[in-house]
Amino acid sequence: MQTDERPLPESLTRLLAATPSRRVSPLERLRPRDDRGSAHAALESAFLRGFVYGVSGLVWLVVMLFIACHFVR
């Protein structure tokens, strides 16, 4: 197999030369931070998650109703 010896683009070279970002351990994700906005962000996230679960539940309910109506006929 013949390899391609062309040079890499500058942007790709910079990306490959950059140091990898520090990985966050699962324990660090669970620790509460001292941010003042974290409570607001957590509440907003909970509302958004509840909305998404509610809408997806309604979609599943409508799909199940269509399936039930199809089998009743």
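Helices here are DSSP runs of H or I with at least four residues, strands are E runs of at least two, and both are numbered from the N terminus. By that count the protein chain has 3 helices and 0 strands, running α-α-α from the N terminus on.

It's a predicted model, where local features need pLDDT of at least 70, side-chain atom pairs count only at pLDDT 80 or more, and totals for chains, interfaces and linings use all residues. Residues are numbered from 1 along each chain as its sequence is written, and side-chain values use heavy atoms, leaving out hydrogens and water.

So how sure is the predictor? On pLDDT, its per-residue confidence from 0 to 100, the protein chain averages 80, with 67% of residues at 70 or more. Helix H2 (residues 26–30) has the lowest mean, 68, and H3 the highest, 93. Where pLDDT is low, don't read the predicted coordinates in detail.

Now for burial: of the chain's 73 residues, 0% count as buried, meaning under 20% relative accessible area (exposed is over 50%, partly exposed in between; 1.4 Å probe, protein chains only). Leucine 48 sits in helix H3 (residues 38–72) and counts as exposed because its relative accessibility is 54%.

Key:
pLDDT is the predictor's confidence in each residue, from 0 to 100.
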